[in-house]
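Dear colleague,

Please find below the structure that I am handing over to you, with its sequence. My findings follow directly after it.

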Number of protein chains: 2
Amino acid sequence: MNAEPALHHLEPAIRRLNKLAPLTGEEIAALQAGTGLAHRVSAHREVMADGEPVTGPSLVLKGWACRVRIFRDGRRQILGFLLPGDLIGLCDQPEPLASTMVTAITEVTLCPAPHPVEKGSRLATAYALSRALDENYLLRHIGRLGRLSAYERLIDWVAEIHERLALAGLATPASFPMPLTQEILADTLGLTSVHVNRTLQMVRRQGLMDVRNGRVTLTDPANLRRLVESRPTRVSASLSTQDLAVSAA
Amino acid sequence: MNAEPALHHLEPAIRRLNKLAPLTGEEIAALQAGTGLAHRVSAHREVMADGEPVTGPSLVLKGWACRVRIFRDGRRQILGFLLPGDLIGLCDQPEPLASTMVTAITEVTLCPAPHPVEKGSRLATAYALSRALDENYLLRHIGRLGRLSAYERLIDWVAEIHERLALAGLATPASFPMPLTQEILADTLGLTSVHVNRTLQMVRRQGLMDVRNGRVTLTDPANLRRLVESRPTRVSASLSTQDLAVSAA
DNA sequence: CGACAAGTTGATGTTACTCAAAAGTGGTGG
DNA sequence: CCACCACTTTTGAGTAACATCAACTTGTCG
């Protein structure tokens, strides 16, 4: 338990948590022990069913998943994404039930997240910050759907995902993977896939970004930052904006 | 601290928490002690500013408040409502910062929420359930904004508020107070106030409900339940659906 | 090569927005 | 009690954004 592996060898998921709150060697070791119990869920399969009992928190190690609600008539709304380093099932009521279905978009690797030994520990802080960020992503999504145009929704969403992937070291300042079909993007942004297609062409023609082949390339990052409303998400005074800024992997 | 006041004399706010998890006499007494420190915020004033440090959790005793985001160009999106019995500022990261502005819609009475003595106590459970319900309201709002028509958004939202007020004993099976202008409703549902007005006329003409003078009257509750997607919110196996069902005050 | 999913395009329809003004409501002070 | 004000609700006419429908193209993988 004394091994302190070099940070740059860590899983992206652990890098993210470590960035939220610098972890102790023991905590990193516990997380890495957890990765031994990892299991995979292949693309398009359900990671968790709506209303099912939640056994304990899990950590996403690899791949993209999403929380989704499906309506009786088949309409679908994606509520949010789960990216490497994100936690699923963090809550503290007894006998919790999943509030949404979770679906794997790509193949996803998950592992049990260690229970923080003590309240106030670094790991507990990282979990709390992760939870606060999650709430923030939901709030931002509400603002996006309620008040932004299709064009604005798209660029705001891209900016958010960029920021989030950067936290796990999975984005460069100008590019990141984005393995979604236009239909999934449509169910995220509250649009139709046809309209998403046209909106994507528009941002491309404007020279703002290029979304293609499962990858986003930001061709004008400065302009993007200017167009997007929110400054980097801030949920605790002890977490500097610096830590959350997008920088090279 | 041994006084166990009759439940029907309790504040609506305490009734709600007690419904989420039957509280001990000590816990009820602690909550009532907190009400002695209540303070008021008059209508239209800010309860909490975005980005401000959060000192500790507060309990809404009376009145309506909302969490809101305002965009640079003045567009506004209401993210959710805070009703009697709801908690503000429940989170466990160190030095938390408010993630949204909170505004009083009517005059609001707030008091500090006692810190749960021990993990796993009834009060801690009530807080955890309240937090889980809050998340659910955000998720439901996302589904509403992303995939429902104006008509559907309105009735789904009314059904949610009805369910929530009933939890605090503030709604009858067919009616409840709703002190919002059509403009606020518009900023909630992602519409314009003109369109909200027309949609309200539509539900009225259909005989579904009447929204008028700061009060909603459900003229066809059975049909409303049929039209609305979600069953009563369920976030824990230990909290029966029965407890959350709408019944007479 | 063939099959299937994803992306693209065009024509048309509908929902909700915009602008503008009138009518209703409630509170205040003379 | 009335006049006045600010705010909210209501109505109408025209428009813009996004949805729908249907076909066609491209890419991927066996």
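The interface between the protein chains carries six salt bridges between chain B and chain A. One of them joins E152(A) to R75(B), with the closest N and O atoms 2.8 Å apart. Please bear in mind throughout that this is a predicted model.

**The interface between the chains**

Polar contacts also link the two chains: 31 residue pairs between chain B and chain A are in polar contact, both partners being at pLDDT 80 or more. On the side of chain B that touches chain A, at least two residues each come from β4 (65-70), β5 (76-82), α3 (122-147), α5 (182-189) and α7 (221-227) of chain B. The element that gives the most to this side is α3(B), with 16 residues. Sorted by class, the side of chain B that touches chain A holds 21 nonpolar, 13 polar and 16 charged residues.

In terms of extent, 50 residues of chain B are in contact with 50 residues of chain A. The area buried between chain B and chain A comes to about 4300 Å², and carbon and sulfur atoms give 54% of that area. Within chain B, the residues that lose the most area to chain A are I142(B), R147(B) and E229(B), which together make up 18% of what that side buries.

**Symmetry**

How are the two chains related? In general, two copies of a chain are related by a rotation about an axis and a shift along it. Here, a turn of 180° and a shift of 0.0 Å along the axis lay chain B on chain A with an RMSD of 0.0 Å. That is the relation of a two-fold axis. The interface agrees with this picture: 100% of the interface residues of chain B are also interface residues in chain A, so the copies meet through the same surface.

**DNA strand D**

Which residues come nearest to DNA strand D? Of the 14 residues around this strand, they are A150(A), Q182(B), N197(B), R198(B) and Q201(B). Of the atoms of DNA strand D that come within 4 Å of the protein, sugar and phosphate account for 63%.

Individual contacts can be given for three of the residues named above. In Q182(B), an N or O atom of the side chain is 2.7 Å from a phosphate oxygen of DNA strand D. N197(B) places a polar side-chain atom 2.5 Å from a phosphate oxygen of DNA strand D. For R198(B), the partner is a base nitrogen of DNA strand D, which is 2.4 Å from an N or O atom in the side chain.

By element, α6 (193-205) of chain A and α6 (193-205) of chain B each supply at least two residues of the surface near DNA strand D. The helix that gives the most to this surface is α6(B), with four residues. The surface near DNA strand D is made up of four nonpolar, eight polar and two charged residues.

**DNA strand C**

For DNA strand C, the nearest of the 14 surrounding residues are Q182(A), N197(A), R198(A), Q201(A) and A150(B). Sugar and phosphate provide 62% of the atoms of DNA strand C that come within 4 Å of the protein.

Chain B reaches phosphate oxygens of DNA strand C through residues that include the following:

- A150(B), with a backbone N or O atom 2.8 Å from a phosphate oxygen of DNA strand C.
- T192(B), with a polar side-chain atom 3.2 Å from a phosphate oxygen of DNA strand C.
- H195(B), with a side-chain N or O atom 3.4 Å from a phosphate oxygen of DNA strand C.

Two or more residues of the surface near DNA strand C come from α6 of chain A and from α6 of chain B. The largest share, four residues, comes from α6(A). Four nonpolar, eight polar and two charged residues form the surface near DNA strand C.

**Salt bridges over the whole model**

Over all chains, the count comes to 32 salt bridges. Among them is the one between R76(A) and D187(A), whose closest N and O atoms are 2.7 Å apart. This pair links distant parts of the chain, 111 residues apart: R76(A) lies in strand β5 (residues 76-82) of chain A, and D187(A) in helix α5 (residues 182-189) of chain A.

With kind regards

Note on methods
Residues numbered from 1 in each chain as written. Chains lettered and ligands numbered in written order. Predicted model: local features only at pLDDT ≥ 70, side-chain atom pairs only at ≥ 80, totals over all residues. Heavy atoms only, no water. Contact = heavy atoms within 4.5 Å. Buried area = accessible area lost by both parts, 1.4 Å probe. Salt bridge = Lys/Arg side-chain N within 4 Å of Asp/Glu carboxyl O. Polar contact = N/O pair within 3.5 Å; in protein donor to acceptor, adjacent residues only side chain to side chain. Nonpolar A, V, L, I, M, F, W, Y, C, P; charged D, E, K, R; others polar. Least-squares fit on C-alpha atoms with pLDDT ≥ 70 in both. Near = heavy atom within 4 Å.
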